[in-house]
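Student: I should like to learn how to read a protein model, one feature at a time. Could we work through a case together?

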Amino acid sequence: MSLYYDDLETRSAAERAADLPLALAEALANAKRAPTLARSLREVEPEDVRSMADLARLPVLRKSDLVEAQARRPPLGGYATRHAHEFDHLFQSPGPIYEPGRLDSDWWRMGRFLTAAGIVKSDVVQNCFSYHLTPAGQMFDSGARAVGAAVFPAGTGQTELQLRAAADLGTTVYAGTPDYLKVLLDKAGEQGLRLGITRAVVGGGALFPSLRALYAEAGIATFQCYATADLGLIAYESEQPEGGAGEGMIVDERVIVEIVRPGTGDPVPEGEVGEVLVTTLNPDYPLIRFATGDLSAVLAGTSACGRTGLRINGWMGRADQTTKIKGMFVRPEQVAALIARHPEVARARVIADRAGEADVMTVQLETRAADPALYEGSVLEALKLKGRVEIVPPGSLPNDGRVIEDRRRYD
């Protein structure tokens, strides 16, 4: 049994550097076959994008762009390289927004995650993700089949039937949201049922340390992934030599991840928290610099499991921090525009608070300048609101990716 899904996972740094221009060219060539993407990239040729710096010059694609494009050009907005009827599945996610799917070749690449979690041919996977409307159930089903495991397509709910199936079928792996496994275990305890689940592969929600510890006490090793309906697998945890999951998540080999300052497409330094942008090498649905709206950060070094890919810190919050202050919306891109006006300002943070019964806004600026009055005009122009400007030392703002913080309490 191989520890790895394929040889891509263990490439050397030199091999990865040599392969990057090829991957970028592949992504751009795929995009040129999708009508809407081709128009937005008409002045860019695949050979023009050879590095991450080149990629960073391309426009950011946001989910709102997909929604608008799908309204104009249903059902997939011209972002796919196939007609809708040429896909095996079409899904609807909240928005609504529609995503395609195929059954061949582990289309969402989830087999890589399941391999890293130690799932093998002898396993029986109880898939408790929904098979209805959204693609999560099919994504994990595809991954399990890619590693040769049997799948019980359980879907969501019906706890009594789920337990009976887990006991009767000899389920060894749970796939689903992190919290539903606890529902199953608690109910099994009430009924005196003994389950054979030894591993869990989870997503779609936060896996809190306390919940992971609880599952470990029950003899279940738990691994989480970061995936979306639009992109498939983005990053995943892997089993370490000593057992259990390693620090952070390893980026999938068929996507390219950037971490950028929220509200912009500008990459942040390694280790700084920012928004996750993903470029996928999927030839059927080739999204370029797709903004997930999630915050994360790059982790230094590589995993002890032997996989050499880029690691990120997992989900660290939402990048869309739009907040209404004094009846006006303040958006991350406005904060980015404020910083752009003043090269000496490294970072900024807008704080919404209350004084008595009124909203107040404070704008903290990381700069070596001494006079807050220098920035009051720019704050008004960029944010369309007056606020108190506070100068703070460079490096003093929290590294949490937040550019707008709402301190108001409504309870």
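**Reading the model feature by feature**

Tutor: Let us begin with one residue: serine 64 is found in helix α4. Please keep in mind throughout that this is a predicted model.

Student: Is serine 64 to be called buried, partly exposed or exposed?

Tutor: The class follows from the relative accessible area: under 20% is buried, over 50% is exposed, and the range in between is partly exposed. Serine 64 has 41% relative accessibility and therefore counts as partly exposed. Its C-alpha atom lies 20 Å from that of alanine 337, although the two residues are 273 apart in sequence.

Student: How does one describe the whole protein, and how many helices and strands does it have?

Tutor: The secondary structure comprises eleven helices and 20 strands. As to overall dimensions, the C-alpha atoms fill a box of roughly 70 × 55 × 45 Å along the principal axes. The radius of gyration offers a further check: a compact globule of 411 residues would have a value near 22 Å, and the protein has 23 Å, which agrees.

Student: What share of the residues is buried, and what supplies the exposed surface?

Tutor: Of the 411 residues, 51% count as buried. The protein exposes about 18,700 Å², of which carbon and sulfur atoms supply 53%. One may also ask how charge is distributed: the mean positions of the 45 positive and 55 negative charges are 3 Å apart.

Student: How should I read contacts with respect to sequence distance?

Tutor: One asks how far along the chain the contacting residues lie from each other. Here, among contacts between residues at least 6 apart in sequence, 62% join residues at least 24 apart.

Student: Which residues have the most contacts inside the largest nonpolar core?

Tutor: The general idea is that nonpolar side chains tend to be buried together in soluble globular proteins. In this protein, the largest nonpolar core has 65 residues, and those with the most contacts inside it are Phe113, Ile119, Phe140 and Val257. Helix α1, residues 13-31, gives the largest share of this core, with five residues. Apart from this core lies another of 20 residues, among them Ile325, Val345, Leu365 and Leu383.

Student: What does phenylalanine 140 touch?

Tutor: Residues up to four places away in sequence are not counted. With that restriction, phenylalanine 140 touches Met110, Phe113, Leu114, Asn127, Phe129, Ala175, Val201 and Cys225.

Student: How does one read the surroundings of a residue within a helix?

Tutor: One takes its element, its accessibility and its contacts in turn. Glutamine 138 lies in helix α6, residues 136-146, and is buried, with a relative accessible area of 15%. Beyond its neighbours within four places in sequence, glutamine 138 is in contact with His89, Phe91, Leu103, Trp108 and Tyr131. For leucine 103, the C-alpha to C-alpha distance from glutamine 138 is 8.5 Å, with their positions 35 residues apart in sequence.

Student: And is glutamine 191 buried or partly exposed?

Tutor: Glutamine 191, in helix α8 (residues 180-191), is partly exposed at a relative accessible area of 38%. Setting aside residues up to four places away in sequence, glutamine 191 touches Glu160 and Leu163. The C-alpha atoms of glutamine 191 and leucine 163 are separated by 9.6 Å, and the two residues are 28 apart along the chain.

Student: May we apply the reading to leucine 211, and ask what it contacts?

Tutor: Leucine 211 belongs to helix α9, residues 209-217, and at 12% relative accessibility counts as buried. Its contacts, leaving aside neighbours within four places in sequence, are Pro178, Asp179 and Lys182.

Student: Finally, which backbone features deserve attention?

Tutor: Most residues other than glycine have a negative phi, and most peptide bonds are trans. Against that background, a cis peptide bond joins proline 74 and proline 75, with omega about 0 degrees. Proline 75 is placed in the loop between α4 (63-72) and β1 (89-93).

Student: Where are the residues with a positive phi, aspartate 106 and arginine 109?

Tutor: Aspartate 106 lies in the loop between β2 (97-101) and α5 (110-116), and arginine 109 also lies in the loop between β2 and α5. Phi is near 45 degrees for aspartate 106 and near 65 degrees for arginine 109. Aspartate 106 counts as buried at 8% relative accessibility, and arginine 109 counts as buried at 10%.

Technical notes
Residues numbered from 1 in each chain as written. Predicted model: local features only at pLDDT ≥ 70, side-chain atom pairs only at ≥ 80, totals over all residues. Heavy atoms only, no water. Helix = DSSP H or I, 4+ residues; strand = E, 2+ residues; numbered from the N terminus. Rg over C-alpha atoms; globule rule 2.2 N^0.38 Å. Buried < 20%, exposed > 50% of the residue type's maximum accessible area, 1.4 Å probe, protein only. Contact = heavy atoms within 4.5 Å. Areas by Shrake-Rupley, 256 points an atom, 1.4 Å probe, with all protein chains shown as cover. Lys, Arg positive; Asp, Glu negative; His and termini not counted. Charge placed at Lys NZ, Arg CZ, Asp CG, Glu CD. Core = buried A, V, L, I, M, F, W, Y, C linked by side-chain atoms within 4.5 Å.
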